[in-house]
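Reader: I have a structure in front of me and would like to learn how to read it one feature at a time. Could you take me through it slowly?

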Amino acid sequence: MTPPIATLPRAGADPARGPDPSGPTSPRDPRPGLSGLTPDELRAWLAVRGLAAYRARQVADAVWRGLARTPEDLRGLPRDLRAALAAAFRVDTIVETEVRLADGGRTAKVLHRLSDDRLVESVLMRYPARAGRRERDTLCISSQVGCAVGCPFCATGELGFGRDLETAEIVDQVRDAARRLAGEGRRLTNVVFMGMGEPLLNLDAVLAAIGALTDSARFGLGARHVTVSTSGVVPGMRRLTALGPQFTLAVSLHAARDPLRDVLVPLNRRWPVAEVVAAARDHARATGRRVSYEHVMIAGINDTERDAVALAELLRGDLAHVNLIPMNPVAHTPWLASDGPAVERFAARLRAAGIGVTVRRNRGQEIGAACGQLAAERAGEPPPAAVDRRRKRLVAESAAALRGERSPAAPGSAGEAG
Ligand code: SAH
Ligand code: SF4
């Protein structure tokens, strides 16, 4: 029997990068996940074994409508086919799931353990019906174990990069939530790639996952109900634009000025603000779909009048919308969330410039809903000396950025190579 997640060993800590999600792990199960197969791949696998194509439909129904977890759940199939499928594939790539509820049960923070003991998170949020809008159940999912970008306000960034998720590991987070909702007679309405990882740095698997989620013969979500958030991987954004309007694009901007964005999103040293916004603008024009920008609000760092003016100037005349998100408290950063009046002043400044703004309320703070927080907690504390060095560096870099100076890239950071 596998131990419950809470008793898993803690990952080892690397003094330079903090806790490491690639800590002690088991070998990865070599069988691919069944839910990661396209209908063509499934038909080809069956054809090699001399099996009829209609079996592919039955398997897909068991995976996507029946939300199968085990070989026994592949109902309606002959016993030997079930056994052959189980030998070749994992019916579920998630070995174990732990759920914590918050917001009176309206937010479920979910920690998943994968076959190699690595942990990823998803968050299920229920939004009650409002005037003109039906009730929604939105799932925030992960695309990687950890993240290489290393934004210093993000719990996942603190973990560093573990590995890419395979397609089935991405969609099995959705099947898990759908299973839980089905128990209440509900259906998932929206999926957002805003969990752990940078989706555009694992783009092939993410695109295959979106293909499965939006295929009417598989999960069947509308393309408008899937959102991919990126920290600004420009070549990936251009690739998405070439594919056309298959989902909504969100860009994590957080600062309109390069010196500050270098600190908050280290990838900015490789693809600076102007290039990111140009790619988002081209995407909006080519697809006719509004791009939304995320702006995490950090007190005294990126929430000033000057930042609001710079952002309004940058987005002037664009088909854009800005989401302001008060920073969720994250261990080991020297910063605090902006207070309500600071967020309102910032929003008012943008609205005065004709830009649409939403202030996003943080959900499930008490259970650490900023994705990566549960996994970071589980990874254990990094050594105090490393935390101290990191805080001092961030204080110095953000102070330099406020003076308009660019700091050199930190060793080992995402911006270093560029
Ligand atoms: N890597 C992608 C998607 C995952 S992060 C990206 O950065 O866009 C999803 C969103 O959560 C991003 O907008 C990110 O900036 C935000 N986020 C990360 N840490 C946060 C925190 N501590 N408080 C509030 N939002 C946070
Ligand atoms: Fe990675 Fe996004 Fe977190 Fe930045 S905010 S470290 S890109 S997951």
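Author: Let us begin with one residue in this predicted model. Leucine 67 has 20 C-beta neighbours inside 10 Å, and because a residue is called buried when 20 or more other C-beta atoms lie within 10 Å of its own, leucine 67 counts as buried.

Reader: Where is leucine 67 found, and what is the sign of its phi?

Author: Most residues other than glycine have a negative phi. Leucine 67, which is found in the loop between α2 (54-65) and α3 (79-88), has instead a positive phi, near 50°. A second case is histidine 254, whose phi is positive and near 70°; its place is in the loop between β11 (248-252) and α8 (258-264). Histidine 254 is buried, with 28 other C-beta atoms within 10 Å.

Reader: Which residues does arginine 175 contact once its neighbours within four places in sequence are left aside?

Author: Arginine 175 is in contact with Ser35 and with Leu67, the loop residue with which we began. Arginine 175 itself is found in helix α5 (residues 167-182), and it counts as buried because 25 other C-beta atoms lie within 10 Å. Its contact with serine 35 shows how positions in sequence and in space should be read side by side: the two residues are 140 residues apart in sequence, while their C-alpha atoms are 9.2 Å apart in space.

Reader: Is aspartate 176 buried or exposed, and what does it touch?

Author: Aspartate 176 also lies in helix α5, and it is buried, with 22 other C-beta atoms within 10 Å. Not counting residues up to four places away in sequence, aspartate 176 touches Ile94 and Thr97. Threonine 97 is 79 residues away from aspartate 176 along the chain, and their C-alpha atoms are separated by 8.6 Å.

Reader: How should I read a pair of strands, and how many bridges join β3 to β4?

Author: In a regular strand the side chains alternate between the two faces of the sheet. In this model, strand β3 (residues 94-102) and strand β4 (residues 107-114) run antiparallel and are joined by 8 bridges. Isoleucine 94, which we met as a contact of aspartate 176, stands opposite leucine 114 in β4. The hairpin of β3 and β4 has 4 residues between the strands, and there aspartate 103 takes a positive phi near 50°.

Reader: Which residues does valine 110 contact, neighbours within four places in sequence left aside?

Author: Valine 110, whose place is in strand β4, is in contact with Thr97, Val99, Glu121, Ser122, Val123 and Leu124. Valine 110 and glutamate 121 are 11 residues apart in sequence, and their C-alpha atoms are 5.5 Å apart in space. Valine 110 is buried, with 23 other C-beta atoms within 10 Å.

Reader: Which residues touch the most other members of the largest nonpolar core, and why does this core lie between domain 1 and domain 2?

Author: In soluble globular proteins, nonpolar side chains tend to be buried together. Here the largest nonpolar core has 102 residues, of which Phe153, Val174, Leu213 and Met297 touch the most other members. Domain 1 (34-88) and domain 2 (94-407) both give residues to this core, so it lies between them. To look at one of its members more closely, leucine 213 is in contact with Val171, Val174, Val191, Phe219, Leu221 and Val226, again leaving aside its neighbours within four places in sequence.

Reader: What surrounds each of the two ligands?

Author: For ligand 1, 16 residues form the surroundings, and the closest are Cys154, Ser229, Ser252, Glu294 and Asn328. The elements that give two or more residues to this shell are β10 (226-230) and β12 (291-297). By class, the shell around ligand 1 has 9 nonpolar, 5 polar and 2 charged residues. Ligand 2 is surrounded by a list of residues that includes Cys147, Cys151, Cys154, Glu198 and Ser252, and its shell divides into 4 nonpolar, 6 polar and 1 charged.

Reader: How many helices and strands are there, and how much of the protein is buried?

Author: The secondary structure comes to 13 helices and 14 strands, and 46% of the 418 residues count as buried. Among the contacts with a separation of 6 or more, 69% are between residues 24 or more positions apart.

Note on methods. Residues numbered from 1 in each chain as written. Chains lettered and ligands numbered in written order. Predicted model: local features only at pLDDT ≥ 70, side-chain atom pairs only at ≥ 80, totals over all residues. Near = placed C-beta within 6 Å. Nonpolar A, V, L, I, M, F, W, Y, C, P; charged D, E, K, R; others polar. Core = buried A, V, L, I, M, F, W, Y, C linked by C-beta atoms within 7 Å. Buried ≥ 20, exposed ≤ 12 C-beta atoms within 10 Å, placed from the backbone. Domains from an automatic or database assignment. Contact = placed C-beta atoms within 7 Å. Pairing = 2+ DSSP bridges.
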